[in-house]
Protein chains: 2
Amino acid sequence: MHAIQDHYPAEFAHCYGCGSANPHGLHLKSFIEGERTHARFTPAAMYSGGYPGNVYGGLLASLLDCHGTATAAAFAYRAQGRALGDGGAPIRFVTGSLKVDYKRPTPLGIELLIEGTLRSLEGRKAVIDLTLSADGEVCVTGEMLAVQFVAKA
Amino acid sequence: MHAIQDHYPAEFAHCYGCGSANPHGLHLKSFIEGERTHARFTPAAMYSGGYPGNVYGGLLASLLDCHGTATAAAFAYRAQGRALGDGGAPIRFVTGSLKVDYKRPTPLGIELLIEGTLRSLEGRKAVIDLTLSADGEVCVTGEMLAVQFVAKA
């Protein structure tokens, strides 16, 4: 099963968070299944917060950011009745705004589950709801406004 | 001149974004001057967004996150009439929520300026306004609710 990011066109695949063309990056992989998207990621020990044993907030925001734009792209393909990577003009979103709520410390050293749902999709704008969970408990929630990127001719 | 983060107690200095005790981290350094805090950071080339030449959104959120909690700590010391690193009980904030607005692409390869101001400080809660600029132009703004961390006995 290919990840949503595996269908990004090569010229947009350089993202540190999720780009397959970035050799140093995190390579987050997101999938769509039914009405939900999901990604799994286990942060390396160096991504500690100020206090050891918890993940630092910036990485958590990064995971929501990359998963959110992937979620927007996947639902936009679906809304147009298209399959990801169908060879047509690629659909790619960028982040307009992202609000991240840190509900509780996120433990370091275990696999995190990031999930996304589509709240609305109108024109070029998608609103995505996001959660990040550890061991079944939601640690972080997010709300993203994603905007479809239209390449200049 | 010592950075705000240089005064964090050793047990809270492990943050990937700004902890002096994290050998792999970004080591963001924030300073307070008058009614404003500032930090400067030049992202390495690997922190590309999807499209080359721009900084990836996750790193920008990370810079605002670390600078925001540092800003909250610095203003809280001031509000109590204390100097940073005065040897008294350390004041340290964590992020409750962070909203990031991406106004325009942030160019990669030049020094970024992150600035913070205090909107309000009541009890354990501080609201911080943040901007991130490149070459004099604001690329990203942020709004943080920071909460003072009280270590459990």
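In this predicted model, strands 1 and 2 of chain A make a hairpin with 2 residues between them, and Gly34(A) in the turn has a positive phi of about 65°. The two strands run antiparallel and are joined by 4 bridges. One of the pairs is Glu33(A) in strand 1 with Arg36(A), its bridge partner in strand 2.

Zooming out, the hairpin sits at one end of an open sheet of 12 strands with antiparallel pairing, built from both chains. Reading across, the order is 1(A)-2(A)-4(A)-5(A)-6(A)-3(A)-3(B)-6(B)-5(B)-4(B)-2(B)-1(B). The edges are strand 1 (30-33) of chain A and strand 1 (30-33) of chain B, each of which pairs on one side only. From one strand to the next, the twist averages 25°. Within chain A, strand 3 (residues 93-102) and strand 6 (residues 137-148) pair in the antiparallel sense over 9 bridges. Leu98(A) has Met144(A) of strand 6 as its bridge partner.

A helix from each chain lies across this sheet. Helix 1 (residues 57-79) of chain A lies across strands 1 to 6 of its own chain and also across strand 3 (93-102) of chain B. Its direction is at about 130° to strand 3 of chain A. Helix 1 (residues 57-79) of chain B does the corresponding thing: it lies across strands 1 to 6 of chain B together with strand 3 of chain A, running at about 130° to strand 3 of chain B.

Met144(A), in strand 6 of chain A, gives a residue-level view of the packing. With a relative accessible area of 1%, Met144(A) counts as buried because the value is under 20%. Leaving out residues up to four places away in sequence, Met144(A) touches Leu64(A), Asp65(A), Gly68(A), Thr69(A), Thr95(A), Ser97(A), Leu98(A), Ala126(A), Val127(A), Ile128(A) and Leu130(A). For one of these neighbours, Leu130(A), which is 14 residues away along the chain, the C-alpha atoms are separated by 7.8 Å.

Turning to open space, the largest pocket has a volume of about 820 Å³. Its lining counts 31 residues, with Asn54(A), Pro105(A), Val94(B), Thr95(B) and Phe149(B) nearest the centre. Elements that give two or more residues to this lining are helix 1 of chain A and, from chain B, helix 1, strand 3 and strand 6. Strand 3 of chain B provides the largest share, 4 residues.

Back on chain A, a couple of backbone details stand out. His27(A), in the segment before strand 1, is not a glycine but still has a positive phi of about 55°. His27(A) is partly exposed, since its relative accessible area of 31% falls between the 20% and 50% limits. Asp135(A), also not a glycine, has a positive phi of about 55° and sits in the loop between strand 5 and strand 6 of chain A. Asp135(A) is classed as exposed because its relative accessible area, 73%, is over 50%.

As for annotation, an unreviewed UniProt entry lists residues 53-137 of chain A as "domain: Thioesterase". In the model, that span is 27% helix and 38% strand, and its end C-alpha atoms lie 16 Å apart.

Technical notes:
Residues are numbered from 1 along each chain as its sequence is written. Chains are lettered from A and ligands numbered from 1 in the order in which they are written. This is a predicted model: local features need pLDDT of at least 70, side-chain atom pairs count only at pLDDT 80 or more; totals for chains, interfaces and linings use all residues. Side-chain values use heavy atoms; hydrogens and water are left out. UniProt positions are given in the numbering used here, feature names are shortened, and annotations may be inferred rather than shown by experiment. Two strands pair if DSSP finds at least two bridges between them. Axes are lines fitted to C-alpha atoms, for helices over the stretch in contact, and angles run from 0 to 180 degrees between N-to-C directions. Contact means heavy atoms within 4.5 Å. Buried means under 20% relative accessible area, exposed over 50%, partly exposed in between (1.4 Å probe, protein chains only). On a 1 Å grid over the protein atoms alone, a cavity is a set of points where a 1.4 Å probe fits but cannot get out, and a pocket is an open set with protein on both sides within 12 Å along at least five of seven lines; lining residues have an atom within 4 Å of a point. Grid points are joined across faces, edges and corners, and a volume is the space filled by probe spheres set on the points.
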